[in-house]
Each structure stands twice: as structure tokens, then as C-alpha cells.
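I sat down with a new model today and kept short notes as I went. Come and read along with me.

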Amino acid sequence: MPTIDLAKDDLRALNQQLQTAARAVAEAQSNETQWRIDNPRGSHAIAVGLDGPIAVTVGGSTGYYCAGMNKEASITVEGSAGPGVAENMMSGTVVIEGDASQYAGATGRGGLLVVKGNAASRCGISMKGIDIVVHGNIGHMSAFMAQSGTLVVCGDAGDALGDSLYEARLFVRGSVKSLGADCVEKEMRPEYLELLADLLERAGADARPEEFRRYGSARQLYTFNIDNASSY
Amino acid sequence: MTDNPHRTTPVKSWTFDDRTNSEIRRAAATGIYDIRGGGAKRRVPHFDDLLFLGASVSRYPLEGYRETCATDVSLGPRHAANPIKLDIPITIAGMSFGALSGTAKEALGRGATAAGTSTTTGDGGMTEEERGHSDKLVYQYLPSRYGMNPDDLRRADAIEIVVGQGAKPGGGGMLLGQKISDRVAEMRNLPEGIDQRSACRHPDWTGPDDLEIKILELREITGWKVPIYVKVGGARPYFDTTLAVKAGADVVVLDGMQGGTAATQDVFIEHVGQPTLACIRPAVKALQDLGLHRDGVQLVISGGIRSGADVAKAIALGADAVSIGTAALIALGDNDPKWEADYQKLGTTAGAYDDWHEGQDPAGINTQDPELQKRLDPVLGGRRLSNYLKVMTLEAQTIARACGKSHLHNLEPEDLCALTIEAAAMAQVPLAGTDWYPGKAGF
């Protein structure tokens with residue numbers, strides 16, 4: 001397995017190698033699919049813009065925007081991740097073995113983000129199709145203006161969950177400190193239990209779908225109305 | 001009316017004038033603030049308040065039509081392997097697909113390309129019409145991230161991180177449901193027909209320290225090939241420019257309050273931000289203090305640019321290039337009197353129409369209505385825009401030659417005087433007939 005050591009190589013060399021490798025695999029020009037990064041030491045923008053089905057293991061914690069805009073690649077961080085991990089991810093899988101800082105999965109359009117620890121505030125902000133599974137708790141204002149996709153929280157959620165939500169689906173197993181504007185609890189139906197079972201299994205989460213409650217948009221703020229002014 | 005011959009003429013309030021009263025009545029009746037497109041309509045100090053001095057005994061003019069006055073500009077050589085090289089210093093500003101039709105975006109691309117300049121995407125992503133017809137396309141990276149994807153990012157010739165815009169510094173936007181067609185809804189990943197809010201700040205960074213890391217990420221994804229612009233509204237131009245450059249911007253785009261928007265509250269457009277004229281010198285000072293003016297980071301000015309005279313004045317004050325939005329739409333046919341009957345049906349008149357968000361633009365530009373869109377021929381529209389850009393360039397060259405300049409960038413504040421004290425203060429050029437401007441020592 002090729003290994004890139006960030007104690008020796010710089011960030012540009014790292015991303016250039018990974019981006020080239022991902023494209024080569026996507027175009028069937030290479031079968032070098034397993035990569036490892038040592039000594040990440042909290043560097044920013046590690047493994048960003050990958051565009052092909054390679055697997056990257058990061059041997060430590062990362063700074064901002066690790067796995068940003070990922071397409072098809074599978075990226076595992078064997079530590080914690082800084083702000084904006086997997087931001088605007090298009091597809092693929094990103095797994096954080098530790099905790100994730102704020103904005104995890106922001107504006108993500110597809111793929112699966114798994115946080116095995118806790119995620120800080122604004123997890124899934126403005127998400128647009130990504131699936132996010134957090135084994136622990138999430139911070140305040142998570143799923144703010146979330147448009148589509150699924151956020152699953154096996155622990156508790158902080159204040160203002162799902163504020164100004166659009167069509168994203170939210171599932172929380174523990175407590176919700178408060179719901180944001182236009183976010184309401186909704187009936188758990190069989191199709192959602194099925195969806196949850198699949199996501200929990202893919203995320204390796206030890207939880208049963210029946211333990212979760214579902215939240216979504218009340219759709220009262222979709223069109224401006226002066227009588228809702230206190231909600232804006 | 002009374003027959004009393006001693007009655008004084010009735011007086012309407014200056015404070016509560018007819019327009020103000022009509023707005024109060026409208027708000028009371030509808031329960032919604034006025035949303036409209038465009039930029040500030042109020043009179044503010046502008047380029048019209050400046051004059052060029054021209055050459056005389058102390059300056060030597062260049063011969064019109066014979067001696068060269070170059071107009072080219074390179075944007076973003078500071079960090080990018082492939083800076084944007086333009087034939088003319090007039091670019092097309094970001095305007096969204098969604099606000100504009102795909103046909104209008106195509107026309108903008110055609111016109112800009114024919115004139116040797118760039119065009120810019122907007123909130124809503126990159127369309128094939130626009131990419132296909134734009135030789136140089138700047139991809140806006142906006143707070144909403146509508147339509148944002150890394151493939152388009154890599155197809156762009158430059159990236160413009162939008163922090164704010166002149167019509168609404170600190171504000172987001174709202175695309176009302178009437179304009180959310182199937183295609184717009186799909187690109188923005190939202191249900192058809194609902195109001196779509198564009199966020200006022202980015203979802204994954206706050207402040208200049210974060211912005212520096214965001215710029216690093218974008219450079220890593222695009223291989224350090226393309227320039228990164230940072231666009232700010234005219235709020236605190238000295239500090240905003242300084243911080244944008246500190247964060248790593250190759251180009252700062254500074255948009256004054258006359259800069260247009262597709263849809264925002266009228267109260268925001270008219271009451272937040274500074275006039276374009278007031279923004280330029282502080283931004284230039286910031287670049288000079290950093291040692292990067294004219295040699296490192298480029299400054300692009302927008303907001304109310306209409307003519308070659310405006311172009312020349314902005315450059316003389318220190319801009320490297322300008323950007324036009326509203327003027328480009330007018331060149332395509334926006335607010336053309338030939339559609340007056342249709343404007344009247346909408347309760348307005350040609351020249352005043354600004355309800356672009358309602359999707360009924362008679363000119364077929366700011367609409368998603370397939371029938372209205374047919375009113376804009378993208379080939380003809382592109383030709384009109386190209387003509388207009390070339391006329392502006394010729395006008396700017398004419399002025400520059402008269403000032404003895406062999407390149408537009410050789411224009412300087414010393415070539416200007418101001419007609420009003422306010423303009424003199426903002427532009428920091430002498431009041432006409434004096435050697436003084438407010439703030440200059442010796443007053």
C-alpha cells in the first residue's frame with residue numbers, strides 16, 4: 001500500500017498524488033486503490049477533491065475540510081476531524097473514528113459520512129442529499145437549512161435542530177434540546193424504519209431503528225407569510 | 001376647493017411625500033416588505049461627479065485612432081498558474097441561472113467572448129449554455145452553494161468566493177416560488193415552486209482566518225491553476241480588502257451599493273452599503289499599504305458602471321478592471337421601451353421595471369417562462385452586448401489618450417477633478433478649480 005508521510009511530503013504533493021491516483025482508478029488505468037497517510041498532524045484540506053474509487057486511511061487527526069468535495073473515494077480518519085469534514089461531498093464514504101468539529105458534512109450532496117464519536121455544532125448544515133450517521137451527540141443548529149438527505153443521531157441533539165429545514169430527514173435516538181423554526185416531530189413509518197436499518201448497518205452503529213424519533217419540516221415557512229413574521 | 005382667495009397653497013410633506021405614502025399604504029395592505037431587483041435608485045455621489053482634466057501644455061496627449069492605448073489586463077497572477085487574461089478591463093458580473101434564463105446566460109457568454117472578456121456564473125450553478133459560450137468563465141462560490149459541484153469548479157477559469165454584494169452587504173437573497181421551474185429546482189435541490197432563500201454567510205467558514213483555509217482547499221482541489229477572487233459588498237472597503245488579501249485572494253471584487261441584485265428588500269438596497277465612488281480609494285489604499293497595488297492583487301470595481309467614462313474614472317482611481325451587471329442586461333434588452341405595453345400591464349414603465357423576481361420580465365431575460373424567453377435571441381443579444389462592451393472600451397481609450405496615456409492603467413487620480421465637495425471627499429481628488437479636497441491637509 002502506498003504511504004504518504006506528511007512529516008516529509010507537503011500538502012500539494014499529497015493531494016496531487018491522491019487526485020491522480022483516484023482519476024487513474026476511475027479510468028481503469030490503475031488498480032492502486034489502497035492509500036495511507038501518516039503524520040497528518042491536523043493539516044487542513046487533506047484528501048480533497050478526490051474523483052475516483054480509491055480508499056484512503058488517514059493515520060491521525062485532521063484539520064479543516066478533510067475529504068472536501070469527495071467523489072467515490074472511501075476515506076477513513078483514524079482520529080478526529082476539524083471543521084467542515086466531507087463538505088460538499090458528492091458520493092463515496094467518509095468515516096471519522098473520533099469526533100468531528102463544526103459543519104461536518106456541510107452542503108453534502110451524496111455519499112455517507114459516519115462520525116463514530118460526537119459531532120459539534122451545525123452538523124449537516126445546508127445538506128443537499130448526503131447521509132450522515134453520528135454515533136454520539138451533535139451540537140446546536142445542526143441540519144440548519146438542510147435541503148435533502150438523512151441525518152441520523154444515535155445520541156442527543158443540541159439546540160435548534162433542523163432550523164429552517166427543507167426536505168431533509170432527521171432521526172434522533174436520544175433527547176433533542178430544542179427544535180428550530182419549522183422543524184417538527186413526525187410519525188415514524190415503516191419505510192423510515194427500513195431506511196434507518198440500512199443506514200445504521202452501513203455505519204456500523206449499534207442501535208435499533210425503533211429507538212429513534214423522526215423530525216422533518218412542517219413546511220410552514222416555505223412561502224413567505226407576514227403572519228409567520230415572528231419565525232423569521 | 002375653497003373660494004377663499006387668502007388661502008395659502010396646500011403643501012405636501014417633504015418627509016411624507018407621495019412615494020413614501022404609497023409605500024406605507026402598500027405595506028399596510030399586503031403585509032410584506034417591497035422586494036425588487038436592481039441596485040440603489042437613490043441619487044448618490046457617482047462617477048458623473050468627476051471630470052477628466054485632459055492634456056494641455058503640462059501633459060502630452062496621444063493621437064486618437066493612431067497611437068496605441070492598450071486595454072488588456074491580467075487577473076490573478078499572484079498565485080494561479082493560469083491567470084485570466086482579458087483584452088478589455090470590463091467583465092460581466094455574476095448573475096444566477098434562475099434569476100436569469102438559460103438563454104440570457106448564453107447571450108452573456110457570447111457577448112463577453114466576442115469582446116474578449118469573461119463572464120461569471122451566479123447563485124444556482126453553472127449551465128451548459130454559459131460554459132459552452134464563455135471562453136473565460138468565473139465560477140461563483142456562494143453561501144447557498146446551490147448547484148455547486150467540484151466538476152464545475154474544475155471547469156472554471158477562475159473562482160469567485162462571494163462574501164457579499166453591493167446591493168445587500170450582509171444579506172442573503174430570496175428567489176420566489178414563481179421562478180422555480182423544474183430545471184431551477186433540480187439544480188438547487190429544492191422542491192419546485194417554493195421560495196428559496198440564499199444564505200447570507202457561508203455554511204462552513206466564518207471570518208478571515210477560516211477563509212484562508214477555505215481558499216487553500218479550493219486551490220488544492222483545482223491544482224493551484226486558477227485565480228481565486230473574493231467579492232465583497234461596499235461596506236468597509238479598507239478592512240475588507242486587507243482581510244481578503246490576507247486570506248489569499250488573487251483578486252478583490254468590490255461592489256458598491258448601485259450594484260444590482262435579482263431580488264432583495266428595497267429597504268436593504270437603499271439603506272445598506274456605500275456608494276461605489278466611496279469604496280474605491282480605501283480599497284486601493286489597502287492594496288498600496290500591502291505593497292500589492294497594480295503589482296500583485298487586482299481590484300475589480302462594480303456597481304453603476306455604464307460607460308467608458310465610468311470605466312476610465314474607476315481605473316484612474318486605482319481599479320484594475322470593472323464589472324457590469326445591470327448595464328449588460330440593458331444591452332441585452334432589459335427595460336427596452338419596445339415592451340412598454342407589457343410593462344404597463346405590470347403596473348410599471350420601461351426604465352422602472354425591477355420586479356424581476358416575479359418571473360414576468362417582458363424582455364424575456366429575468367424569467368423562466370418559456371414563452372417570454374423566446375423574446376431574447378441569444379445570438380443577437382450576444383452581438384448587442386459585444387457592441388456595447390467595445391463602445392465602452394473605445395470611450396475609455398478616447399479619454400485615456402486625451403490624458404496622454406498609452407494604457408488605461410496609466411490613468412491616475414491626478415487626471416481627475418470633482419464637481420462636488422462630496423465627490424471630492426470620496427474620490428480624494430481636488431474640487432474643480434481648487435487644489436483641495438476634504439480631509440487633505442491645509443484646509
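Here are my entries, in the order I looked things up.

**Entry 1: the sheet.** I reminded myself that this is a predicted model. I then looked up the sheet and found that it is open, with eleven strands. I wrote down its order in chain A as β1-β2-β3-β4-β5-β6-β7-β8-β9-β11-β10, and I noted that the pairing is mixed. Which strands sit at the edges? I found β1 (3-5) and β10 (183-186) of chain A there, each pairing on one side only. I also looked up the twist, which averages 15 degrees from one strand to the next.

**Entry 2: one pair of strands.** I picked β3 (residues 55-58) and β4 (residues 74-77) of chain A, and I saw that they pair in the parallel sense over four bridges. I followed A:V58 across to β4(A), where its bridge partner is A:V77.

**Entry 3: the helices.** I traced α1(A) and saw that it lies across β1, β2 (34-38) and β3 of chain A. Its direction is at about 170 degrees to β2(A). Next I turned to helix α2 (residues 190-202) of chain A, which lies across β6 (112-115), β7, β8 (148-153), β9 (169-172) and β11 (213-217) of chain A. I noted that α2 of chain A runs at about 70 degrees to β8(A).

**Entry 4: where the chains meet.** How many residues does the contact take from each chain? I read 33 residues from chain A and 20 residues from chain B. On the side of chain A that touches chain B, the elements giving two or more residues are α1 (11-26) and β7 (128-134) of chain A. I sorted that side by class and got 16 nonpolar, twelve polar and five charged residues.

Methods
Residues numbered from 1 in each chain as written. Chains lettered and ligands numbered in written order. Predicted model: local features only at pLDDT ≥ 70, side-chain atom pairs only at ≥ 80, totals over all residues. Contact = placed C-beta atoms within 7 Å. Nonpolar A, V, L, I, M, F, W, Y, C, P; charged D, E, K, R; others polar. Pairing = 2+ DSSP bridges. Axes fitted to C-alpha atoms, helices over the stretch in contact; angles between N-to-C directions.
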